[in-house]
Amino acid sequence: MKIGIDLDGVVIDSETTFRTYEEIFDIDTLKGNHLINKEEPKFQARYNWTEEWQKEFIEKYFLTVSKESNLMSGFIGVYNLLKKQGHEFVVITARGGFIKEMKEDAIRLLDENYIKFDKYYWKVEDKLEICKNEKVDIMIDDDWKIIKKLADNHVKTLYFRDTNLVKLEENEYIKEVNNWGDIYRIIKKEYEKQIC
């Protein structure tokens, strides 16, 4: 199978770290409570911040978050199993778009853990186009808006949903996962369907 994979919130635990620093920034720097929607994955929709505040947050914390983040628990074991079974991985990520150094930091983290994906797409704005062009069998992402767009266009997805994020109704194109064990189970089941 060809597996499309996002990095942040799927391979790298940066989304949890981002949410921590978003709260620190909102409470300590902005001296308030600008949280408007806890279910949104991106800070631009989670908080009622001005564009200046958003820019300040990016400049102040994005690299810090990147450097403090680690690989998701269970990722290495499942990734190695799936690679041995012949599955391909195509990274499709927005990382590197806001701050170029975040791409290099992700590469450093992957290299330190001996992770080599088959193909990389960085600074991606439209994941649907790449999923279609690459003919991915399944895409793993943590952003419900991306998952919905892919599923609406008949791309099978695994929605790596963090606790507070929007819940989507599962169907033949959307399956919710919360850890790499869930991902392994579903990919094994999908692969067995393909070879039967």
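1. Start with the contacts of Arg161. Setting aside neighbours within four places in sequence, Arg161 is in contact (heavy atoms within 4.5 Å) with Val166, Lys167, Glu176, Val177 and Asn178. Keep in mind that this is a predicted model, where local features need pLDDT of at least 70, side-chain atom pairs count only at pLDDT 80 or more, and totals for chains, interfaces and linings use all residues. Residues are numbered from 1 along each chain as its sequence is written, and side-chain values use heavy atoms, with hydrogens and water left out.

2. Where does Arg161 sit? It lies in the loop between strand S5 (157-160) and strand S6 (174-177). As for the labels, helices (H or I, at least four residues) and strands (E, at least two) are DSSP runs, numbered from the N terminus. With a relative accessible area of 15%, Arg161 is buried. The scale here is under 20% relative accessible area for buried, over 50% for exposed and partly exposed in between, using a 1.4 Å probe and protein chains only.

3. What does the side chain of Arg161 reach? One partner is the backbone oxygen of Leu165, at 2.7 Å. Another is the side chain of Glu176, in a polar contact of 3.0 Å. A polar contact is a pair of N or O atoms within 3.5 Å; within protein, one must be able to donate a hydrogen and the other to accept it, and residues adjacent in sequence count only if both atoms are side-chain atoms.

4. A second arginine to look at is Arg46, found in helix H2. Arg46 is buried, with a relative accessible area of 4%. Its side chain reaches the backbone oxygen of Lys38 at 2.7 Å. Not counting residues up to four places away in sequence, Arg46 touches Arg19, Glu22, His34, Leu35, Ile36, Asn37, Lys38, Glu40, Pro41 and Leu165. Leu165 thus turns up for both arginines: Arg46 touches Leu165, and the side chain of Arg161 reaches the backbone oxygen of Leu165.

5. Two backbone angles deserve a look. Tyr114 is not a glycine, yet it has a positive phi of about 60 degrees. Tyr114 is placed in the loop between helix H5 (101-112) and strand S3 (119-121), and it counts as exposed at 73% relative accessibility. His154, also a residue other than glycine, has a positive phi near 65 degrees. You will find His154 in the loop between helix H7 (144-152) and S5, exposed with a relative accessible area of 55%.

6. Now the strands, beginning with S1 (residues 2-5). Lys2 and Gly4 point one way from S1, Ile3 and Ile5 point the other way, and all are buried. In a regular strand the side chains alternate between the two faces of the sheet. S1 runs parallel to strand S2 (residues 88-92), joined by four bridges; strands pair if DSSP finds at least two bridges between them. Lys2 stands opposite Glu88 in S2.

7. S1 also pairs with S4, in the parallel sense over three bridges. Here Ile3 stands opposite Ile138, and the bridge partner of Gly4 is Met139. Strand S4 (residues 138-141) sends Ile138 and Ile140 one way and Met139 and Asp141 the other, and all are buried. S4 and S5 run parallel too, joined by three bridges, with Met139 opposite Thr157 in S5.

8. How far is Glu52 from Met139? The two are 87 residues apart in sequence and 33 Å apart in space, C-alpha to C-alpha. Glu52 is found in helix H3 (residues 51-68) and counts as exposed at 67% relative accessibility.

9. Last, the largest pocket, which holds about 680 Å³ of space. A pocket is an open set of points on a 1 Å grid over the protein atoms alone, where a 1.4 Å probe fits, with protein on both sides within 12 Å along at least five of seven lines; lining residues have an atom within 4 Å of a point. Grid points are joined across faces, edges and corners, and the volume is the space filled by probe spheres set on the points.

10. The largest pocket is lined by 30 residues, with Lys42, Ala94, Phe98, Asp143 and Ile146 nearest its centre. Helix H1 (14-29), helix H2 (43-46), helix H6 (127-134) and H7 each supply at least two lining residues; H7 gives the most, with four. By class, the lining has 12 nonpolar, four polar and 14 charged residues. Ala, Val, Leu, Ile, Met, Phe, Trp, Tyr, Cys and Pro count as nonpolar, Asp, Glu, Lys and Arg as charged, and the others, Gly among them, as polar.
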